[in-house]
Amino acid sequence: MSNYLTSRRRLLQQMGMGATLLSVGAGRQVLAASGGKKLGVALVGLGYYSRDLLAPALQLTEHCELKGIVTGSPDKIPVWQEKYGIKDANVYNYDTMHEIADNPEIDVVYIVVPTGLHKKYAVIAANTGKHVWCEKPMALTPEDCQSIIDACRKNKVKLSVGYRMQHEPNTQTVMQYAQDLPYGAIRTVNTQAAYGGNGLPADNWRMQKHMGGGALYDMGVYTINGARYATGLEPIAVTAKRSFDHPKFTEVDNTTHLTLEFPNDIVAECMTSVVQSGNQLRVNAENGWYQLKPMSEYSGVQGTTSDGKKLDKYLANQQVKQMDDDALAIINDSPVLVPGEEGMRDIAIVRAAIESSEKEKRITL
């Protein structure tokens, strides 16, 4: 535990140093030193998140650019080629994805397929010798996460998990508070990451257990990761209750409540849902409180404190910041902000929460 906390403190210090360097243009100097070349990114999976968020963000990044696509939908190819000028040679399907190994224009492969497929395609990506960015949740099980980590390590490529919130400046303030304790010892944490809905068609992957559907996988990692970075600690036990009380939800949960127990008698109450709304992180400490509300929206994350401070640093685009940060880690050969081990820790808690719910008992971690 102490090693983890030490590394997290070091990472926060690097984040602060990185922000200072970027403010004086060091990011551009680093890019110039690398020959002025932006890193070429190939998106694997062209669903909503790639189409509406990542691809547009890659038009705004300083240190990386959209160069390739991997898709199983031939009808999408001409649309993407016309919109982003992607060459025929940089278009792949899932059976030819391994050929990216021979493409010098692609430096990074970003895995944006359903969660249940992350392990398969992240390992293929690592075996091409390209750096790997993997969306969250990282995979279905800790063992799958470890397979991704091992493949990246074997191929000597960097692995980043797409926790965009850890790149967001107001969230980083809360992470720093966990180290500095400006309001005294932390007592309790409350996190909610949920959205109102009525379920999706049964053939949608988010409604399928084997693909990583359900509230706990879909949104639950926000609540779990939020509790972890808000305390700077790892939980020692979890008690969870998953609900299947919406008529469309038969094999995956529509709502889950978790109680995470941390060292120092800190308790976090977490809620995640895809049928009811909620989006906040609140920390109650010995001498006050602070919160982010909302905590995980694509824009507008902001917060307040008990003594009237505003956590309102502006970030134009979270995905741009995330991908530029991860690109700079590659260019500088420096540690990534969110490594695979971070994603794996959350999945270990997800699996323990499922066990807790099924056995109706507290599970130690």
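Here are some exercises with worked solutions on this structure, which is a predicted model.

**Exercise 1. The six-stranded sheet**

Task: Work out which strands stand at the edges of the open sheet of six strands, and why one side of each is left without a neighbour.

Solution:
- Start with the order of the strands, which is 3-2-1-4-5-6, with parallel pairing in an open sheet.
- Now read off the two ends: strand 3 (91-92) and strand 6 (159-161) each have a single partner strand, so one side of each lacks a neighbour in the sheet.
- Next, look at one pairing inside that order: strand 1 and strand 4 run parallel and are joined by four bridges. Here leucine 43 is found opposite tyrosine 110 of strand 4.

**Exercise 2. Helices against the sheet**

Task: Find what the buried residues of helix 3 pack against, and then which strands helix 4 lies across.

Solution:
- Begin with helix 3 (residues 48-58), where the buried residues are Tyr49, Ser50, Leu53, Leu54, Ala55, Ala57 and Leu58.
- Follow their packing: these buried residues meet strand 1 (39-44), strand 2 (64-70) and strand 4 (108-111), along with helix 4 (77-84) and helix 10 (318-332).
- Then turn to helix 4, which lies across strand 1, strand 2 and strand 3 and runs at about 165 degrees to strand 2.

**Exercise 3. A loop aspartate**

Task: Decide whether aspartate 107 is buried or exposed, and list what it touches.

Solution:
- Locate it first: aspartate 107 is in the loop between strand 3 and strand 4.
- Compare its relative accessible area with the cut-off: the value is 18%, and buried means under 20%. Aspartate 107 is therefore buried.
- Leave out residues up to four places away in sequence, and aspartate 107 touches Lys37, Lys38, Leu39, Gly40, Lys130 and His131.
- Finally, check a distance: 8.6 Å separates the C-alpha atoms of aspartate 107 and glycine 129, which are 22 residues apart along the chain.

**Exercise 4. A helix tyrosine**

Task: Describe the surroundings of tyrosine 177, starting from its place in helix 7.

Solution:
- Helix 7 covers residues 169-180, and tyrosine 177 belongs to it.
- With a relative accessible area of 12%, tyrosine 177 is buried.
- Setting aside neighbours within four places in sequence, its contacts are Pro182, Tyr183, Tyr290, Thr305, Lys309 and Leu311.
- Threonine 231 is 54 residues from tyrosine 177 along the chain, and their C-alpha atoms are separated by 8.5 Å.

**Exercise 5. Strand 10 and its partners**

Task: Explain why strand 10 (residues 267-273) is described as largely enclosed, then trace its pairing with strand 7 and strand 9.

Solution:
- Five of the seven residues of strand 10 are buried, so the rest of the structure largely encloses it.
- Strand 7 (residues 186-194) pairs with strand 10 in the parallel sense over seven bridges; alanine 193 has threonine 272 as its bridge partner in strand 10.
- Strand 9 (residues 255-261) runs antiparallel to strand 10, and seven bridges join them. In this pairing glutamate 261 is matched with valine 267 of strand 10.
- The hairpin of strand 9 and strand 10 has five residues between the strands, and there asparagine 264 takes a positive phi near 65 degrees.

**Exercise 6. The cavity**

Task: State how many cavities of 30 Å³ or more the structure has, and which residues line the largest cavity.

Solution:
- A search of the whole structure gives one cavity of 30 Å³ or more.
- The largest cavity holds about 40 Å³ of space.
- Its lining is made up of Lys136, Tyr163, Met165, Tyr222, Asn225, Gly226, Tyr229 and Met295.
- Sort the lining by class, and you get five nonpolar, two polar and one charged residues.

Technical notes. Residues are numbered from 1 along each chain as its sequence is written. This is a predicted model: local features need pLDDT of at least 70, side-chain atom pairs count only at pLDDT 80 or more; totals for chains, interfaces and linings use all residues. Side-chain values use heavy atoms; hydrogens and water are left out. Buried means under 20% relative accessible area, exposed over 50%, partly exposed in between (1.4 Å probe, protein chains only). Contact means heavy atoms within 4.5 Å. On a 1 Å grid over the protein atoms alone, a cavity is a set of points where a 1.4 Å probe fits but cannot get out, and a pocket is an open set with protein on both sides within 12 Å along at least five of seven lines; lining residues have an atom within 4 Å of a point. Grid points are joined across faces, edges and corners, and a volume is the space filled by probe spheres set on the points. Ala, Val, Leu, Ile, Met, Phe, Trp, Tyr, Cys and Pro count as nonpolar, Asp, Glu, Lys and Arg as charged, and the others, Gly among them, as polar. Two strands pair if DSSP finds at least two bridges between them. Axes are lines fitted to C-alpha atoms, for helices over the stretch in contact, and angles run from 0 to 180 degrees between N-to-C directions.
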